[in-house]
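Got your viewer open? Let's take a walk through this protein, one selection at a time.

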Amino acid sequence: MTFEELGVSSPLLRAIEELGFEVPMPVQEKVIPHLLSEDGDVVALAQTGTGKTAAFGLPVIQRTDCRRNVPQALILSPTRELCLQIASDLADFSKYIPELKVIPVYGGSSIESQIRALRQGVQIIVATPGRLIDLIKRGVVKLQDVHTVVLDEADEMLNMGFQESIDEILTHVPDDRKMLMFSATMPKEISRIASNYMHDPVEIVVGSRNEGAENVRHIYYMVNARDKYLALKRVVDNSPDIYGIVFCRTRRDTQEIAENLIRDGYNAEALHGDLSQQQRDIVMKKFRDKVTRLLVATDVAARGLDVDNLSHVINYGLPEDTSVYTHRSGRTGRAGKTGVSIAIIHSREKGKLREIERIIGKTFERREVPTPEHIIEKQLYNLADRIERTEVDEEAMEKYTPGVLKKLGWLTSEDLVKRVLSLEFHRLLDYYKDAPKIDFIDEKPSRKDKKGKEGKGARGERPDNADKDRRTASKGMERIYINAGKRDGFYAGNLIEMLNKNLSGPRVDVGRIDLMPSYSLFDVKKSDAKRVVGALKGADFLGRHIYSEIAEADKDYAHASTRKARENALAFGMERASRKGKKRK
């Protein structure tokens, strides 16, 4: 099938041929003929990067009457960046239709200049919902002649809270217009819009509903929570040509991780909601130009970004909503290329990972965090490859080569290579010297182990040798004991909440947490241990008097916690009785 066979007109064929379009992509094969010659609206489920803009853009341009200087097509997008990208693509497609006018309107830019451009006449408007409503209310934009409405990345618009805005905009367009919705996922709100505003919609699915992109490999690394940043650096170091996005949940994490990467010598920038529009534009330009190789971003800030050729998407923690993961991973492996979506998780996120696997219909590969030896080998081979592929300007180098050879001529070729590699990788070699493995090891005993081992601890807890393993802190950390466990309804969230409530001063990073029926053990940095124990002294949990101490290597906490619980209960009861006696007096 060719674009000409799909019914695309000559001026458009000429333009897209110059842009390198050869064979229509699946979504284009299905959508273009429908928009050009068939009735009914369209709901298209397709991932970002599958050729959606050309799928709706080419027929929209072809169906536009350039003799009429009024808006005839409206394309809504969730973000400024996507709005500008669509408008730019439509301008490229219509290169040989000079009378066609496409105008992007969006927030964060001068509304006065947009009003002036609109008043000069336009046939196609590409808009973000908020700015378009503002222009409609001012009477600048009138949509009564619109014959086509496109909602691009409709699920993103709904996630960003544009439901009411979309409803309001659609009341201003004619009832007999043709309408298209493009979405990567199919939430129930999309179905509601289809049933309320569309006429006999045809559903076109490229791939499967809610699935990840076909060309994306899904990999995960499991580490302790405190080692996530170390794992991130190893993943990046193991991919010398990485060009990707690191997704974080919060603005604070985004800024902190980007600053740490920059401090550690990585080519990174942060993108989050606290940036001004000017700062955001600068960050995005550097990233698109590949001056920046790693963009650390929140999901909200990254919505609508259209960047090609990403090699990696890294999830620094999994999102709550599975559809968000679909959008994240869909940013790589686009336009027929392969990509990698990496999740760096801790053990408590494993259930969420399995849920994502079930919904996207793909299995994550568990990998060991790259070892220092593997990283250095990968970097060395990459340098060797770059040296081998370097083009030498013989004429320019002829002037300088004799002097350099005279200086280094006494070195053998092997000596020279060793020196070049040492010069290039001194920092890397020094950093990874004696670096430990950081993979999380699941220490839960198998059923066979549980049956075969000698006696258990107090009330069915694990035997003494397992308890001893739990008492051992990780390198550079101190183990803290607290006399509350799962039987008391005490979980990791309660521990963090208790620390936040009782600790003053700098934030404390909590490492591995082991929750047992009658007690818990957790790691903090050695420098914070005494401060944590002091802060928990006298705390209570649901009326339970809390006792905490720095864990002792030879102490049997499985039994001690039971005794301590009795002592605390007795002490707490005597204290209450004493207080009541004083009140009666």
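Which residue forms a salt bridge with Arg479? Select Asp523: the closest N and O atoms of Arg479 and Asp523 are 2.9 Å apart. Keep in mind as you look around that this is a predicted model. Now colour by secondary structure, and you'll find Arg479 in strand E15 (residues 477-482) and Asp523 in strand E17 (residues 520-525). The pair links distant parts of the chain, 44 residues apart. Turn on a surface and check whether they show: both Arg479 and Asp523 are buried. Next, add Arg512 and Asp514 to your selection, since salt bridges that share partners join them with Arg479 and Asp523 into one network.

What is going on in pairs like these? Side chains of opposite charge can pair when their charged atoms come close. The structure holds 24 salt bridges, and we'll visit a couple more.

Jump to Glu18 and Lys95. Their salt bridge has its closest N and O atoms 3.0 Å apart. Here, too, distant parts of the chain are linked: Glu18 sits in helix H2 (residues 10-18), while Lys95 is in the loop between helix H5 (80-93) and strand E3 (102-105), 77 residues away. Glu18 counts as partly exposed because its relative accessibility is 48%.

Now select Arg367 and Glu365, whose side chains meet in a salt bridge at 3.1 Å, N to O. Arg367 has 32% relative accessibility, so it counts as partly exposed. Glu365 is partly exposed as well, at 30%.

Time for the surface. Select Asp393, Glu394, Glu395 and Glu398, and you have a patch of negative charge. Zoom in on Glu395, which lies in helix H18 (residues 394-397). Is Glu395 buried or exposed? With 69% relative accessibility, Glu395 counts as exposed.

For a nonpolar patch on the surface, pick Ile387, Val404, Leu408, Leu416 and Val420; together they have about 390 Å² of accessible area. Helix H19 (401-408) and helix H20 (413-431) are the elements that give two or more residues to this nonpolar patch. Click on Leu408 in helix H19: Leu408 is partly exposed, with a relative accessible area of 36%.

Last stop: Ser239, in the loop between helix H11 (228-237) and strand E9 (244-248). Ser239 counts as buried because its relative accessibility is 14%. What lies 3.3 Å from a polar atom of the Ser239 side chain? Show the backbone and you'll find the answer there, the backbone oxygen of Val235.

Note on methods:
Residues are numbered from 1 along each chain as its sequence is written. This is a predicted model: local features need pLDDT of at least 70, side-chain atom pairs count only at pLDDT 80 or more; totals for chains, interfaces and linings use all residues. Side-chain values use heavy atoms; hydrogens and water are left out. Patches are made of residues with over 30% relative accessible area and no salt bridge: like charges are joined within 9 Å, nonpolar side chains (Val, Leu, Ile, Met, Phe, Trp, Tyr) within 5 Å. Accessible areas come from the Shrake-Rupley method with a 1.4 Å probe; for residues, only the protein chains shown count as cover. A salt bridge is a side-chain nitrogen of Lys or Arg within 4 Å of a carboxyl oxygen of Asp or Glu. Lys and Arg count as positive and Asp and Glu as negative; His and the chain ends are not counted. The place of a charge is taken as NZ of Lys, CZ of Arg, CG of Asp or CD of Glu. Helices (H or I, at least four residues) and strands (E, at least two) are DSSP runs, numbered from the N terminus. Buried means under 20% relative accessible area, exposed over 50%, partly exposed in between (1.4 Å probe, protein chains only). A polar contact is a pair of N or O atoms within 3.5 Å; within protein, one must be able to donate a hydrogen and the other to accept it, and residues adjacent in sequence count only if both atoms are side-chain atoms.
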